[in-house]
Amino acid sequence: MSPVRTLSIWKSSTTLADGREIVYFDEAPGLGRATVADTRPLPPRPPGPALPYGRPDWGIRWDALAGEWVVIAAARQDRTFLPPADQCPLDPSGLGRLTEIPADSYDVVVFENRFPSLAEPLGRCEVVCFTPDHDASFAALSPRRVRTVVEAWVDRTEALSALPGTRQVYCFENRGEEIGVTLHHPHGQIYAFPFLAPRLAQMVAQAGAYAREHDGGNLFDDLVAAELAAGIRIVTRNEHWIAFVPEAARWPYEVRIFPAARVPDLPALGQEARDAFGPLYLDVLRRFDGLFGRPAPYIAAWFQAPVRDPEARGQFAVHLQVLSVRRAPDKLKYLAGTESGMGEWINDIVPEEAAQRLREA
Ligand SMILES: [Zn+2]
């Protein structure tokens, strides 16, 4: 007998005053949040960068030496930067103050970024707010709320994948001023890229080469199986997920979280894996915070299979990379001469010791 699912999420959407889309993911029915109008006198949005490469101050350029795309987004230099808490644009509207979210509360909400790096038809940038509580953090969310966030990621991955020019959907969170966060309110971002970002492109190429050299074998399956067999770098796991420090970790504290059963992207995750993600991820984040007894500055990055590429999708494994730039209580990892100059990483922490410290945190 399969367990009865109690999860329900109510989705509704509308547009903000300048035409941007906003989508509410509610944990109760009938809240009517999408019926609340945005009454701010916002200026109209600038036209998006035209195909194929945009305009000089906003678009994409090809770095022929690296074989990589670079995004030029000079138009967003005047975006909101660390506003006072009483002017946070990610709070719900209320008490005479109008924000990016017209409703007087929300559970999880997603909207198009007012200052996007990429805009249609050359991609799209969305903001996802995890909680109306300005002073919370992802690590402080309930498993129920994380489950709602997962559903929002799934929904936006499907929606952005359906846009004609999308090659990759990237869900991520930057946390901490050390990372360059410009808004403290707990939030993440979702990018639709019109190309494959360099790291994903490399992974797809590696997985393809591995399959050719190993009689159709799967790089991700073999890598996760090897980590399970070795055991020494595993940080935590449950029935549906495994979290480990990569053997060749680049960052002082870096964890990759894979589902036990390989699927190409978040929408392909089964309900049980979606349910089991929150408890494991919250455990990982609390271990990061426990390392130095203070909130860890981190980046959490979802790797998802390329859109409209059946061969790559057949080989890819969705997974989350979590990395912290803090290497000691008062020391940050900076990308210096070898990393920034040569793309060659030098890690001061032995990955097996990082795993042990995270297990003990
Ligand atoms: Zn806020």
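The exercises below concern a predicted model and are each followed by a worked solution.

**Exercise 1.** Determine which residues coordinate the zinc ion and what arrangement the donor atoms form.

*Solution.* Begin with the donor atoms: the zinc ion is bound by SG of Cys88, OD of Asp91, ND1 of His134 and ND1 of His185, at 2.0 to 2.3 Å. Next, consider the angles that the four donors subtend, which are 92 to 124°. Four donors count as tetrahedral if all angles lie between 85 and 135 degrees. The arrangement is therefore tetrahedral.

**Exercise 2.** Establish where in the chain Asp91 and His185 lie, and whether each is buried or exposed.

*Solution.* The spacing of the zinc donors in sequence is C-x2-D-x42-H-x50-H. Within this pattern, Asp91 belongs to the loop between β5 (68-73) and β6 (108-112), while His185 belongs to the loop between β8 (168-175) and β9 (187-193). The two residues are 94 residues apart, and the pair links distant parts of the chain. For accessibility, the cut-off for buried is under 20%. Asp91 has 9% relative accessibility and so counts as buried; His185 has 1% and therefore also counts as buried.

**Exercise 3.** Compare the span of helix α4 (residues 271-291) with the expected value, and locate its bend.

*Solution.* Helix α4 has 21 residues, for which 30 Å is expected at 1.5 Å a residue. From first C-alpha to last, α4 reaches 32 Å, close to that expectation. The helix bends by about 30° at Phe277, and Pro279 follows within four residues. After α4 comes Gly293, with a positive phi near 70°.

Conventions:
Residues are numbered from 1 along each chain as its sequence is written. This is a predicted model: local features need pLDDT of at least 70, side-chain atom pairs count only at pLDDT 80 or more; totals for chains, interfaces and linings use all residues. Side-chain values use heavy atoms; hydrogens and water are left out. Donors are N, O and S atoms within 2.8 Å of the metal (3.2 Å for Na, K and Ca); water is not among the atoms, so sites may look incomplete. Four donors count as tetrahedral if all angles lie between 85 and 135 degrees; four count as square planar and six as octahedral if opposite donors are over 155 degrees apart and all others between 65 and 115; anything else is irregular. Buried means under 20% relative accessible area, exposed over 50%, partly exposed in between (1.4 Å probe, protein chains only). The expected span of a helix is 1.5 Å times one less than its number of residues. The bend at a residue is the angle between axes fitted to the seven residues ending there and the seven starting there.
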